Amino acid sequence: MHGPFRRMSRINQRCQSKKYASTMNPSKRDGFTSKFGVLVATLGSAVGLGNIWKFPSLTGVNGGAGFLLVYLLATLMVGLPLMMAETTLGRAARANAITTFDRLAPRQHGWKLIGWMGFLSALLIMAFYSEVAGWVYAYIFKAMSGEVLTSDPKIAGEIFGALVSNPTSSLIWQWVVLGITGSIIMLGVSKGIEAVTRKLMPVLYILLLVLCARSLTLEGAARGLTFLFSPDFSKITPTVVLTAFGLAFFKLSLGMGTMLTYGSYFREDQNIPATTTRVMLADLSVSLLAGIAIFPAVFAFGFEPAAGPSLVFMTIPAVFTAMPGGIVFMTIFFILTAIASVGAILSLLEVPVAILSERFGMGRKKASTCTILTIALIGAPAALSQGVLAETKLFGMNAFELFDFLSSNVLLPLGGILICLFVGWVYGLPELEKRLSNEGTLDNRGLIRAVFFLVRYVAPLSIAIVLLHGLKVF
Ligand code: PFF
């Protein structure tokens with residue numbers, strides 16, 4: 001055994017010492033209680049607003065099935081190996097995103113930075129993600145009351161503009177989201193996150209299937225499917241490839257300690273490679289179903305496919321207004337989107353809550369309250385950035401855009417590179433092999449070697465390119 005690996009086995013002995021006994025003992029630390037619980041909670045983190053407004057429209061605009069292939073390649077080369085690496089580290093240390101590195105590399109304090117960056121990213125992402133989720137919550141009621149029934153996307157745009165530029169409604173809806181998800185996170189990992197995602201994920205699938213059935217049975221639906229799935233390889237430019245890599249990262253909640261924190265709640269007998277692969281495939285199925293629910297309807301009524309908020313809050317209401325039973329289906333759509341956001345938000349909240357409770361000795365309730373209040377504070381400028389603070393800019397971006405840029409384009413890729421370097425060059429193959437094979441009980445050596453190769457060389461290099469592109473270096 002040489003250098004880093006010898007160090008690792010010393011670390012493992014230390015982890016079993018008394019000092020760590022209380023949190024190393026799974027009976028004392030909260031965690032997921034069943035294999036299915038692990039699966040739905042982790043899937044809940046991956047599935048989010050990204051599946052509804054990012055994935056389908058990016059696929060349609062960037063070459064349909066061709067883009068899908070590139071996305072799959074990005075997921076297999078970078079996303080999945082990194083997800084396995086993150087969850088492995090978490091389960092090995094059984095700790096929050098910062099303490100994990102204290103335990104796995106006690107003499108190299110610098111690695112803790114990964115955890116701190118995750119803490120910051122979670123707060124920044126939540127600052128704007130909770131705002132968008134707030135708009136979705138508001139639209140459930142607007143859809144039900146028929147307030148957004150208009151087949152003119154321009155009028156739909158005005159209704160949306162009135163909501164987001166009103167400071168009171170923006171803040172209140174953000175607080176409603178924080179209040180609901182905050183009270184779930186307070187209940188803990190098994191009674192909060194696991195119990196809620198267990199109920200919500202099946203409902204999400206059922207609602208999605210209802211919408212797909214509606215959309216596919218409309219006259220002229222086939223054009224929507226062609227838009228989504230016909231491969232157009234001429235659209236695959238280097239920028240599109242980089243977009244696919246970035247999307248794979250955001251979609252699977254990587255690079256900021258979310259998967260690491262969830263991994264720390266995984267069961268010892270959980271087959272990590274199998275679980276993460278299932279999560280990736282199930283997340284992909286939600287994205288594709290969302291595309292099938294949206295685009296055939298968009299084309300059937302002759303609307304232009306849009307991306308981002310304008311797709312969700314302008315095109316969608318207009319499309320649903322045009323179809324029979326529109327109010328019901330529009331309400332279902334917004335309930336479904338709100339449900340999708342819950343699991344993702346819970347996983348974002350869990351990163352700081354675990355850090356505050358384990359490192360700063362706060363009780364779960366206090367840690368959750370502090371996290372929610374901090375997000376409400378830094379989220380306020382993001383909430384007001386579509387109205388009163390629209391012109392208050394830093395580096396040419398309002399608060400909403402700045403938080404999005406800093407987290408998605410800087411902190412997540414940077415965190416991803418550092419996690420890869422840690423696993424590839426410090427943690428090492430023998431430990432990874434031990435952990436991913438559940439101490440040799442799973443017969444998956446070849447797979448682990450491939451994962452190690454990808455994490456050591458391929459993933460950090462590709463993420464570095466995405467990072468530099470995100471920073472507009474080229
Ligand atoms: N995966 C989520 C989505 O696709 O909407 C977003 C996300 C959740 C990113 C959790 C990062 C994270 F830690």
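**Exercise 1. Which helix gives the largest share of the lining of the largest pocket?**

Solution. First, the ground rules. This is a predicted model, with local features needing pLDDT of at least 70, side-chain atom pairs counting only at pLDDT 80 or more, and totals for chains, interfaces and linings using all residues. Residues are numbered from 1 along each chain as its sequence is written, and side-chain values use heavy atoms, without hydrogens and water.

Step 1. Define the site. On a 1 Å grid over the protein atoms alone, a pocket is an open set of points with protein on both sides within 12 Å along at least five of seven lines; a cavity is a set where a 1.4 Å probe fits but cannot get out; lining residues have an atom within 4 Å of a point.

Step 2. List the contributors. H4, H7 (112–145), H12, H15 (308–322), H18 (399–427) and H20 (445–470) each supply at least two lining residues. Helices are DSSP runs (H or I, at least four residues), numbered from the N terminus.

Step 3. Pick the top one. H12 supplies eight residues, the largest share.

**Exercise 2. Describe the largest pocket by volume, centre and residue class.**

Solution. Step 1. The largest pocket holds about 920 Å³ of space. A volume is the space filled by probe spheres set on the points, which are joined across faces, edges and corners.

Step 2. Its lining has 34 residues; Lys54, Gly246, Asp404, Ser408 and Asn409 lie nearest the centre.

Step 3. The lining of the largest pocket splits into 20 nonpolar, 11 polar and three charged residues. Here Asp, Glu, Lys and Arg are charged; Ala, Val, Leu, Ile, Met, Phe, Trp, Tyr, Cys and Pro are nonpolar; the others, Gly among them, are polar.

**Exercise 3. Repeat this for the second largest pocket.**

Solution. Step 1. The second largest pocket has about 260 Å³ of space.

Step 2. It is lined by 16 residues, with Arg29, Asp30, Ser357, Glu358 and Arg364 nearest its centre. H16 gives four, the largest share.

Step 3. Its lining comprises six nonpolar, four polar and six charged residues.

**Exercise 4. Locate the ligand and find its polar contacts.**

Solution. Step 1. The ligand sits in the largest cavity, meaning that more than half of its atoms lie within 2 Å of the cavity's grid points.

Step 2. Find the neighbours. H3 (35–46), H4 (49–61), H12 (238–251) and H16 (326–359) each give two or more residues to the shell.

Step 3. Check N and O pairs within 3.5 Å. A ligand oxygen is 3.2 Å from a polar backbone atom of Leu49. A ligand nitrogen lies 3.0 Å from a backbone N or O atom of Phe250.

Definitions and conventions: Polar contact = N/O pair within 3.5 Å; in protein donor to acceptor, adjacent residues only side chain to side chain.
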